[in-house]
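Me: I should like to learn how to read several features of a structural model. Please give the general idea each time, and then the case at hand.

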Amino acid sequence: MTAIAAERYTGASIKRSEDPRILTGAGRYVDDIKLPGMLHAAFVRSPLAHARVLSVDASAARELPGVVAVLTGADLDAMTVPAPDPLLAMFGGSGPMPEFTLLATDKVRLVGDPVAIVVAESRYIAEDGCELVEVEYEDLPPVMSAAFALDPGSPPLFANLGNNVARPLSRKEFGDVAGTFAAADRVMDFHVDVHRHQNVPMEGRACIASYDAELGLMTVHAATQSVHITRNGIATRLGMDADKVHVLAGDIGGSFGLKIGASREEQAVAAASRHVGRPVKWVEDRGENLTVSGQAREESFDIRAAFGDDGVLLGLDVRMVIDTGAYPGMGGLVPSIVEAMLPGPYKLAALGFESTAAITNKATYVAYRGPWASETFIRERILDVIAKDLGLDPVEIRLRNVAARTEPPAMMITGRPLAGVTTRESLERVTQLVDYPAFRRRQAQAREQGRYLGIGVATFIEAAPGPRGPEGGLGMESMRLRLEEDGIVALFTGQMPHGQSHQTTLAQIAADEFGVPFEQVRVVVGDSAVVPFGLTGGSRSATMTGGVALHGTRQLKAKVLDFAAHLMEASAQDLVITDGNVWVRGDPESAVAVSEIAARAAAGESDGDVDAELEVEASYDGGQGGWSGGTHCAIVDVDVETGIVKVERYIAVEDCGALINPAVVEGQIRGGVAQGIGAVLLERSAYTEDGNFQSATFMDYLMPTACDVPRIEIEHLQTVPLDADVNFRGVGEGGMIVAPPTVVNAIEDALEPFGVRIYEQHLPPARILELIAAVRPRTGAGTGPGRLPGRAGQGPRRC
Amino acid sequence: MVDITLRVNGATRTGSPEVRKTLADFLREDLSLTGTHVGCEHGVCGACTVILDGRAVRSCLMLAVQAAGSDVTTIEGLAADGEMSTLQQAMWDSHSFQCGFCTPGFVMQATAFLGDHPDADERQIREALSGNICRCTGYQSIVEGVLLAAERNRERS
Amino acid sequence: MKLPPVEYEAPTTVAEAVGLLAERADEASVLAGGQSLIPLLALRLARPELLIDINGIAGLSGVSAADGQVRIGATTREYVAEESRTVADAVPLLAAALPLIGHEAIRSRGTIGGSLAHADPAAELPAVARALDAEFVVRGPSGTRVIPAAEWFEGYLTTARQPDELLVEVRFPAAGPGTGVSFEEVARRHGDFAIVGLATSLVLTGGVISDARLAFAGLSDVPVRAGAAEDLLAGERPSAELFDEAARRAVQDADPPGDLHGSADYRKTVAAAVVRRGLRAAAGNAAGGGN
């Protein structure tokens, strides 16, 4: 790997500059902000999944002391402009868009659908006010499954669409599908389901909108992954110019894809602020977050697989149905990414793919860490089943399927080059870290004692940011860099960290490139008036932002050296910067502090020939980009009397190129794996057949804890460098993408004596016992009420 | 409204909260101590954990009026004279956290736990922290921070 | 989720508390630890008009031993009972169950009386009380009553306490020689409510089970004694076959609830496993010296 200049920080687990405030309670999250005259909002929400709204009477609520305003859906309609979801507006939807109002006016389409906003002196009073708003509903039959949604007889949620199909069925073929299937040794059919689960950041959605009527300026304190997309969403809805909306973001308590753009509630809060002429704060509570903020992953797949007797997967023909919930979100975009990624790092020669998106009375499908993750789940699941069918070892079958690393690289049948993909190396490394023969002996002994251990592997690649391919580039990442008057190297980026530690990692790169101590770099984020456009998401920042930081710092340094050369009466080529000082190579006595250079530039010490404006606007196209990926392995212990599964050991061999900060990389991987373990063993966003949401508290939506997630052993492969300087690739999503099939593969291996085959992702204890036929399977999507505190069942106990 | 007096982070504080106001909201809004976070308001996630009369408690499950006369320590009260506690420093060194939202709850719970169980092993630490939810880290870095703090405390004594 | 408006009183004596209960009865809720009640209020599922905070009543907490019983004041914090030497020595089943209650922070505030008055059938303490035939001392306007556990748990979250009565003390029998106990439970995660739990207390005399007490958590709307299993075990020597048959009999007539976390059938299957494991552990403790 090509060395970066003065490699002191990059590659080391430098302590985070975020932590002093985080660890001492000095972080500044939206709910920590108090503005003069600030009011609080709460929403009146539908108790029904699907209903006509006959009337809304807010008179009693308006009378309640402390309530300042109540705005119904109709009120808000009159004071706002119809606008599409800002994220969809960016990426473009296809087909007719459903028509609906900002808050519900004529119809509610899910439990929790907001009907009115109450603005009051405190959140307590706002909630009291919500209880006084009288809404008359006329119940409609709820559409609670994709199957029913696709039935032309299901009542349409949106009058203008006429049915509940968000995206009509569309089919694409890559390679010779018919020929491949005709010639294959074997063909097998599968049906695989992935269940509904969701992001659940520890901080929910939150914003403060503050409208200044005199200036016609809307200031928004937001919890968001992009201040600019939030700005656009609010500006459009309010019919304001974007430059009249100023979005600020400080510390954000996680997001995992949830907080992008401006939700309907946030748009309503902004409208409310403009209406009352005072700042209005809304902080969603956990019930709102679980019920309406958004959900993900509910997809089903019919798969036909063509393969050889040697286990090589030759072709796949896949039909995907995605349950996108009630209101449009990015769910409609997911199938095309699934399609593109399905071949994975394997030699797949033919792919047929068709998909349809269904509209149901559930929360909107939102982006959740690796939204396309099901492609890895189905691919890695069916490979295991095929392996068993052929009597092949799961590692062996994958080694036979991995595309060889060639130059030029092998192409995925869907068009992307597998440049620098080290799947083979990661598989082989896993077999070195796990003594398979020893495990098989231990497994056999355990079975004799009635204990069921299992081992599973799965491989993945993620486009982090993805390779530069024949069909196009990786987009552009911008950054403004400036040597401030006091000698601080300031990086202005549109990245909006919410746990990714950018304020540390980008500073590491800049400090190395410029030659200043880490503490002399400041990363500026979270101000739509100050930073360039950006979005933290898609595991792009390591490459795109790392790259623009690296190259931008070089450009800034060149400018600074040109100016310094003039001051120091030397030639720029003879100047070096180390430890915050500029000096003439070979003459340490000549050293001048960078801060002094900066001060003198700010003071105007220039003869006019040299640029004393020590600032650059840089952009970076991602260079060669690249893939991240690897192989994960899990060992589980399944209690077949109770169905309880423990993950005993978990190994991640990964390749993300060069690491900016190993501790940060490992934290991302472990967090993603924890979410994957949670998805399989604990987490489900459950609805009853009549539309009630059952997982509205943490007693029913179960999150993995420190007793559920084992130590995760991580090895980094130093990989094929694709670029002279920027070989950092992202790891944000990989853990969450590959952990579910890893764990499910291990569970199926544990249950081999029972002949279990698993075609689903959610395996709570009751389901484990059903699979091994110890218990009669029960029908229907989750019967019985969800757990409330004090009711028998799950959730922590209290007295 | 009930007038209450209590000690918070070593200082006497007073307030007149509504009876129904939780201790968590009182600390955050009335005393402007926003370090204590609210993650669920039904006592499961642990983000609101403070130390009250020597014990870790969930401040979202107490009324502010119930804390009258008590001695409360919040995350803002751990650093002495601007110097982080051993645990805070160890967590910094261990890269324990990412987004930081769960952090105050973990730090207070771990502080209370280590005070009573200075020689706890990893399994015991994980059990003690299993009532705090983190969505970002997968817990290993947090546990390592606590183990490091325990080790440093032992070296010191 | 903010609490709805509510009145608040903090009596300093039992008489005062009883007076308030007599006056406000059905409109009032007693606030002890708050670990169950406050979430209900925050979710606006419970709407009492008045909270009677009994934490300030002197003499209502504490652990003492007298007349072959361990007496625990209603507002005794769970962590205090957990740390109590008296409880550890004389009521080992209670000592076994306490660490399973939620998490430390919950036990910092939660009370013995509060849990038993709340009477969640999936909680540990009701099963312990039912297994040991604990006694519940309530004070009302007309005086004091002592209610045996068999009569205390009437239905889901419902006890024999009248609206104008206050639970002031719970009494557990002190364990005799040869006692072995276990609290076995299956929960989704460490600290969660039991899907099914079992409080077991066995007395072994000369290698023979002379007393067997088994009470389930999570199998019904109240904690239930596994009477048929207890009858089978009495007078027998511990063995795997005996415990298998006891498990079969214990779940035979069970009619557990089904919900998001498990069907009725699942609970019965798990209950049988819990009986086998619980009996094995309790017998092992008794053999190893027990009490």
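Me: How far apart are the axes of helices H16 and H17 of chain A, and at what angle do they pack?

Reply: Helices (H or I, at least four residues) and strands (E, at least two) are DSSP runs, numbered from the N terminus. Axes are lines fitted to C-alpha atoms, for helices over the stretch in contact, and angles run from 0 to 180 degrees between N-to-C directions. In this predicted model, local features need pLDDT of at least 70, side-chain atom pairs count only at pLDDT 80 or more, and totals for chains, interfaces and linings use all residues. Residues are numbered from 1 along each chain as its sequence is written, while chains are lettered from A and ligands numbered from 1 in the order in which they are written. Here H16(A), residues 502-514, and H17(A), residues 541-568, have axes 9 Å apart and pack at an angle of about 35°.

Me: What is the hand of the crossing of H16(A) and H17(A), and which residues make the contact?

Reply: A crossing is left-handed if the near helix is turned anticlockwise from the far one by less than a right angle, and right-handed if clockwise. H16(A) and H17(A) cross in the right-handed sense. Two residues are in contact if their C-beta atoms, placed from the backbone, lie within 7 Å. Among the residues involved are Leu506(A), Ile509(A) and Phe514(A) of H16(A), with Ala549(A), Leu550(A) and Arg554(A) of H17(A). Ala, Val, Leu, Ile, Met, Phe, Trp, Tyr, Cys and Pro count as nonpolar, Asp, Glu, Lys and Arg as charged, and the others, Gly among them, as polar. On that basis this contact has 6 nonpolar, 5 polar and 3 charged residues.

Me: How are H12(A) and H20(A) oriented to each other?

Reply: Angles under 35 degrees count as roughly parallel, over 145 as roughly antiparallel, 65 to 115 as roughly perpendicular and the rest as oblique. The axes of H12(A), residues 374-390, and H20(A), residues 734-750, come within 8 Å and cross at roughly 25°. The two helices are therefore roughly parallel to each other. H12(A) passes H20(A) in a right-handed crossing. The contact includes Phe377(A) and Arg381(A) of H12(A), together with Val744(A) and Glu748(A) of H20(A). Its classes are 6 nonpolar, 2 polar and 4 charged residues.

Me: Which peptide bonds before proline should I inspect in chain A?

Reply: The bond from Glu407(A) to Pro408(A) is cis, with omega near 5°. Pro408(A) has its place in the loop between H13 (394-401) and H14 (423-433) of chain A. The bond from Ala464(A) to Pro465(A) is also cis, with omega near 10°, and Pro465(A) is found in strand E16 (residues 452-467) of chain A.

Me: What is the phi of Arg44(C), and is this residue buried or exposed?

Reply: Arg44(C) is not a glycine, yet has a positive phi of about 55°. Arg44(C) is found in the loop between helix H2 (37-42) and strand E3 (50-53) of chain C. A residue is buried if 20 or more other C-beta atoms lie within 10 Å of its own, exposed if 12 or fewer, and partly exposed in between, with C-beta atoms placed from the backbone. Arg44(C) counts as partly exposed because it has 15 C-beta neighbours inside 10 Å.

Me: How much of chain C is buried?

Reply: Buried residues make up 60% of the 291 residues in chain C.
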